[in-house]
Amino acid sequence: MAATHHEYRLHPGTKGNGFTSNSQDDVSNMKESSTQTEGKVQGHGPRLSKVNLFTLLSLWMELFPKRESQRQDNASVQVTGLVVVHEQRILGLHCSGTELHAGQVAVIRHGPRLKGCDLYFSRKPCSTCLKMIINAGVNRISYWPANAEISLLCDGSGAAGSRLQEAMLDAAAAERLKSSSRLHICVLLQPLANSMLQFVEETARNSDFLGRMAADDPSLDVHELFRKERWRNWDSFSKKFVIDDAEVHRELLSKMNLENFCTEPYFSELRQHMRDLIRILASVAASVPVLEHNYGFYETEPTTSKDRTLSQDIVRHCIIQAAVLAYRTEDPKVGVGTVIWAEGRLPQCDGTGSMYLVGCGYNAYPVGSQYAEFPQMDDKQEERQRRKYRYIIHAEQNALTFRSADVKEDENTMLFVTKCPCDECLPLIHGTGIKQIYTTDLDSGKDKHDISYLSFTRLRSIRKFIWQKSSLVQSASEQTATPLLNGCVKNRRDDDGACQYNKRLKN
C-alpha cells in the first residue's frame, strides 16, 4: 500500500489549529498524490510528493522571465504563478500577464476543461479570479501562504492606504466566496521525506549541466560554483516567497483569514516547511548556473529555419522546470524530467507570452505498477536480464503520452529535457513533430549496451540546442580545440575530463 503523508491543510470553516491529519477520504486522495505506482520507493533516494511538486512549479512560474513591456505597473498586484492539474497530471503552467491575473488566464486557456481540476497558486487568488474559477467547477484551490495576489503589505498611508483598503475588501470578498462554495480552498503543503533536502542538494550539484562545465575545464571548481549559485538563489527566493519578519507574517495570515496558522507550534512548522521548499528550489535552480558564466543553450548546426529562437533566460527557466519534475522519478539511479512548450497563435494573455504547455513528464515505471515487480539494476551490474532499462518509461515518453495538447505542424514546439535523448526516444520526438530540442550532450555518442545515445549527434531533422560555451568564448579557443561529433568545439579531452570530474565528485 502506498505511503501517505500528513498535510498542512485549512478547510473552509475549519475550527481549531487548521492542520488536519488525513481522514479516510484523504487517504485515497493522498495515495494518488504521493506516488505514481502502488508501492514504496525502493530506489536510492526520496521523491517529491506531487503536492510539493505542483507547489514548487507554481512558485517557479511566478519567476517566468518577463520583457519590459510585460512588467506590471500596478505595485499592489503581485505576479502569480499557477499550475492546473487534472487527475494528478499537469494540464497547464501559467503566470500573470500584463492585463490578466493567473486565474483569468486559466479560464481563457482552459475554459470548461477546468471542471474537476486542482489549481495550485503561488499566492492567494483575488476575488475576481476566485469567482470565475469557482464558477468553472474546479475541485480544489491551494495557495502559498505568504502575501496575497492583491498585496496586503501596504503601510496604510496616502495612496498606499487606499490600496490597502481595496486589498482588505478583496480579501473579505474572497473569504465569503470561499465559505459559500463547495470546493476546497486551502493551504496544502506536505512535509518533505527524510533526507530530501540533502538528496536534492547532492544530485543538483552533480547535474549534467555542471558536469559539462567540469569536463570542458577540469580546473573549474563546479562545487564552489554550485554553492555560490545556491546561496544567491536562496537570498533572492526567500525574500520573494517567505516573509522575513515572523510577526509581519503572522499579521498577514490574520488578514487572509488564516488565523489558525498563527498559533504555535503550527506557525513555526509552517514557516520551516516554506523555507525547506525554497531551499529545494534554490538548489535545483543552481544546477543550471546563470548565463554570466559564459554557458548557455546554443544550436549545434547552422539552420535556415524561420522558427523563433528563445532567449537564454526563458530556455533556462524551462530546463529548471524539467529539473524540478525529475525529483518525482521512480528510476532508482537517474532522475530525468521533460517539459514540452509550443508557441501558439492566440493573443498573448499569459505571462509566458505566446508560449503554452504541451506536456511534461519524468522517468517512471508504468502506471499502476508495483516497484517489486521490476528490476532496479543498472548497466554497471552483470545480469542484463535483471536490469531496469526495458521497464522504465522515459521522461520524454511520459510527456508525449500524457500531453495536454497536440503538437501542431504550423507551430514551433520545443522539448526541454535534463539529459540527452536516447535512441529509444528520438524516433518518438521526431514522429510527434517537435521542432527544437534543448538539452545537455554529456551522454551524446555513448553506447551503454542497455541504452544508447548514438543517434542524437546524427539527428538533422530537429534543431538541437545544447548546454555549452557561448560562441564568442568558443571562437577565441578554436585554435587549440578539437571538434566534437555534433559540430561544436571544446578544449582537448572529453572522456578524460569527464572522468576527472567524476573522480572529484567521489572525493
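**The six-stranded sheet**

Begin by selecting the strands β6, β11, β10, β9, β7 and β8 in this predicted model, which together form an open sheet of 6 strands, arranged in the order β6-β11-β10-β9-β7-β8 and with mixed pairing. At the edges you will find β6 and β8, and because each of them has a single partner strand, one side of each is left without a neighbour in the sheet. If you look along the sheet, ignoring the direction in which the strands run, neighbouring strands are turned by 20° against each other on average. Strands of a sheet pair through backbone hydrogen bonds, either parallel or antiparallel, and the next selections show both kinds.

Select residues 463-469, which make up strand β11. Is this strand buried or exposed? Of its 7 residues, 7 are buried, so β11 is largely enclosed by the rest of the structure. On one side, add strand β6, residues 295-299, which pairs with β11 in the antiparallel sense over 5 bridges; here Gly-296 has Gln-468 of β11 as its bridge partner. Then add strand β10, residues 436-439, which runs parallel to β11 and is joined to it by 4 bridges, with Thr-439 having Ile-466 of β11 as its bridge partner.

Now move to the β8 edge of the sheet and select residues 355-362, the strand β8 itself, in which 8 of the 8 residues are buried, so that this strand too is largely enclosed by the rest of the structure. Its partner is strand β7, residues 337-343, which runs antiparallel to β8 and is joined to it by 7 bridges. To find your place along this pair, show the side chains of Trp-341 and of Leu-357 in β8, which stand opposite each other.

**The five-stranded sheet**

Next, select β2, β1, β3, β4 and β5, which form an open sheet of 5 strands in that order, again with mixed pairing. The edge strands are β2, residues 89-95, and β5, residues 184-186, each of which pairs on one side only. From one strand to the next, the twist averages 15°.

Within this sheet, pick out strand β3, residues 118-121, and strand β4, residues 140-143, which pair in the parallel sense over 4 bridges. Phe-121 stands opposite Tyr-143 in β4.

Stay in this region and look at the loop between β1 and β2, where Gln-88 lies. Most residues other than glycine have a negative phi, and most peptide bonds are trans. Gln-88 has a positive phi of about 70° although it is not a glycine, and with a relative accessible area of 10% it is buried.

**A helix across the sheet**

Select helix α2, which lies across β1, β2 and β3 and runs at about 145° to β1. Then add helix α11, residues 312-325, whose axis comes within 10 Å of the axis of α2, residues 50-62, and crosses it at roughly 170°, which makes the two helices roughly antiparallel. Which residues make the contact? From α2 they are Leu-53, Leu-56, Leu-57, Trp-60 and Met-61, and from α11 they are His-317, Ile-320, Gln-321, Val-324 and Leu-325. Colouring these residues by type will show 8 nonpolar, 2 polar and no charged.

**The nonpolar cores**

Hide the cartoon for a moment and show side chains. The largest nonpolar core has 102 residues, and those touching the most other members are Ile-90, Leu-119, Trp-144, Phe-297, Trp-341 and Phe-416. Helix α10, residues 266-286, gives the most to this core, with 11 residues. Centre the view on Leu-119, which, leaving aside its neighbours within four places in sequence, is in contact with several residues, among them Leu-82, Val-84, Ile-133 and Ile-141. A second, separate core of 26 residues includes Ile-340, Ala-395, Leu-400 and Ile-437.

**The loop before α10**

Finally, go to the loop between α9, residues 246-255, and α10, in which Pro-265 lies. The peptide bond from Glu-264 to Pro-265 is cis, with omega near 5°. Asn-257 lies in the loop between α9 and α10 as well; its phi is near 60°, a positive value in a residue other than glycine, and at 27% relative accessibility Asn-257 counts as partly exposed.

**The whole chain**

Zoom out to see the chain with its 15 helices and 13 strands, in which buried residues make up 57% of the 507 residues.

Terms used
Residues numbered from 1 in each chain as written. Predicted model: local features only at pLDDT ≥ 70, side-chain atom pairs only at ≥ 80, totals over all residues. Heavy atoms only, no water. Axes fitted to C-alpha atoms, helices over the stretch in contact; angles between N-to-C directions. Parallel < 35°, antiparallel > 145°, perpendicular 65-115°, else oblique. Contact = heavy atoms within 4.5 Å. Nonpolar A, V, L, I, M, F, W, Y, C, P; charged D, E, K, R; others polar. Buried < 20%, exposed > 50% of the residue type's maximum accessible area, 1.4 Å probe, protein only. Pairing = 2+ DSSP bridges. Core = buried A, V, L, I, M, F, W, Y, C linked by side-chain atoms within 4.5 Å.
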